[in-house]
Amino acid sequence: MKKPDYQFKKPVIILAAPRSGSTLLFEILSQAANAWSIGNESHTVIESFKKFSPTSGLCNSNRLDENDADRESLVAIRKYFYSQLRNRDGQRISDTDIQDPLMIEKTPKNALRIPFLNKMFPDAYYIFLYRNPRENISSIMDGWKSGRFETYANLPGRKSVWSFLLPPGWEKMHNKSLEEIAYFQWKSANSIILNDLQSLIPTERWTSVSYSNIVNNTESSIKELCDFCGLEFDTTLQKTCKDSLKMSRYTLSTPSPTKWHKHAKELSRVIPSAKHTLKKIQQIANKPVAADFDIQIPEQLLKQATSDTDIENITNFESVGRNAPCPCGSGKKYKRCHGKD
């Protein structure tokens, strides 16, 4: 047996709202030579304990605090993590003599579990990953629609399945629109992360990074994160950063900075409410980029969204010439409007 309490060497825990790029960041950092992980998201690890699963009736959300962290549960969870650890080459921790592995841990539900995690890993380092709310909320909506991220099928009082993390107050969302639920999840995750980091975790043990910096300034951003938390920025990881980034395992479609445009009309109903949370993120952001905090939705996109709605009943596109006016009424030629699709 390794250490009786299965301790880790200053684990690195990624905190982020769903669909903010945490899988991409996790997959990149896992390429560090001294990084160990369970290879996937950990929500099944913690929720394998009934008292931590909302489906058991013993808790009503994914929020866990220090009062939930009894020693028996913490040791059991650490033991499970330890047993599943592997490095970038797929080597199991059990096949080595390493005593204090540097583990990288990631699941969006951890946004709601910082007090619990702080008791389980009292010397952990935290990386707060944030993303422009237009992109982030739009991607959460796409995730719900895809059916790939269903987490709870039989929540009390809810007639349909629930996707992604379950913040406190979810019971009030039964009759809300998809964009309202997606915004609720984005705001809950980011607000709770900010509050818990600032009130519980010493500033030297957490940092922040934006999704856009990971994508656009990969090498420098990852180098900074490695320096912060003790990961080795060796030649293999450097090559990963210099090469074209691969799409993460949970990507639904090819990434694009304009992908959120299709939800412009729905986003316009909830985005204005994001200002307060976004201002708090900007205040603690490491090297903030203005574009990450831009929540404007151009009027042209809203007009286009109306045209898209009006066009839903038009099905005979084959008879429309490429240079003819588009049936949606935009005034553009068909080839430059809906003909692009």
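1. In this predicted model, strand β1 (residues 12–16) and strand β3 run parallel and are joined by 3 bridges, and within that pairing I13 has E105 of β3 as its bridge partner. Strand β2 (residues 35–36) also pairs with β3 in the parallel sense, here over 2 bridges, with M103 of β3 serving as the bridge partner of W36.

2. Strand β3 itself, which spans residues 102–106, is mostly covered, since 5 of its 5 residues are buried. In a regular strand the side chains alternate between the two faces of the sheet. In β3 both faces are covered, with L102, I104 and K106 buried on one side and M103 and E105 buried on the other. The two bridge partners named above, E105 for I13 and M103 for W36, are thus among the buried residues of β3.

3. Helix α11 (residues 275–284) has T277, L278, I281 and I284 as its buried residues. Viewed down the axis of α11, these buried residues fall within an arc of 130°, and they therefore line one face of the helix. An α-helix has 3.6 residues a turn, so residues three or four places apart point the same way. The other side of α11 carries K275, H276, K279 and Q283, which are exposed.

4. As to what covers the buried face of α11, its buried residues pack against two strands and two helices, namely β4 (125–130), β7 (206–210), α5 (133–146) and α6 (178–200). One of the buried residues of α11, I281, also appears in the lining of the largest cavity, which is taken up next.

5. A search of the whole structure finds 1 cavity of 30 Å³ or more, and the space in the largest cavity comes to about 30 Å³. Its lining consists of A17, S20, L129, Y130, R131, N136, W186, N190 and I281, with β4 and α6 each supplying at least two of the lining residues. By class, this lining comprises 5 nonpolar, 3 polar and 1 charged residues.

6. The largest pocket holds about 1,100 Å³ of space and is lined by 48 residues, among which R19, S20, G21, R131 and S139 lie nearest its centre. The elements that give two or more residues to this lining are α1 (22–29), α5, β5 (150–152) and α7 (211–216), and α5 gives the most, with 5 residues. Sorted by class, the pocket lining has 17 nonpolar, 17 polar and 14 charged residues. A reader comparing the two spaces will find S20 and R131 in the lining of the largest cavity and also among the residues nearest the centre of the largest pocket.

7. Two backbone values deserve a check against the model. K10, which lies in the segment before β1, has a positive phi of about 45° although it is not a glycine, and at 39% relative accessibility K10 counts as partly exposed. K287, found in the loop between α11 and α12 (299–310), likewise has a positive phi, near 55°, in a residue other than glycine, and at 52% relative accessibility K287 counts as exposed.

Note on methods
Residues are numbered from 1 along each chain as its sequence is written. This is a predicted model: local features need pLDDT of at least 70, side-chain atom pairs count only at pLDDT 80 or more; totals for chains, interfaces and linings use all residues. Side-chain values use heavy atoms; hydrogens and water are left out. Buried means under 20% relative accessible area, exposed over 50%, partly exposed in between (1.4 Å probe, protein chains only). Helices (H or I, at least four residues) and strands (E, at least two) are DSSP runs, numbered from the N terminus. The arc is that of the directions from the helix axis to the C-beta atoms. Contact means heavy atoms within 4.5 Å. On a 1 Å grid over the protein atoms alone, a cavity is a set of points where a 1.4 Å probe fits but cannot get out, and a pocket is an open set with protein on both sides within 12 Å along at least five of seven lines; lining residues have an atom within 4 Å of a point. Grid points are joined across faces, edges and corners, and a volume is the space filled by probe spheres set on the points. Ala, Val, Leu, Ile, Met, Phe, Trp, Tyr, Cys and Pro count as nonpolar, Asp, Glu, Lys and Arg as charged, and the others, Gly among them, as polar. Two strands pair if DSSP finds at least two bridges between them.
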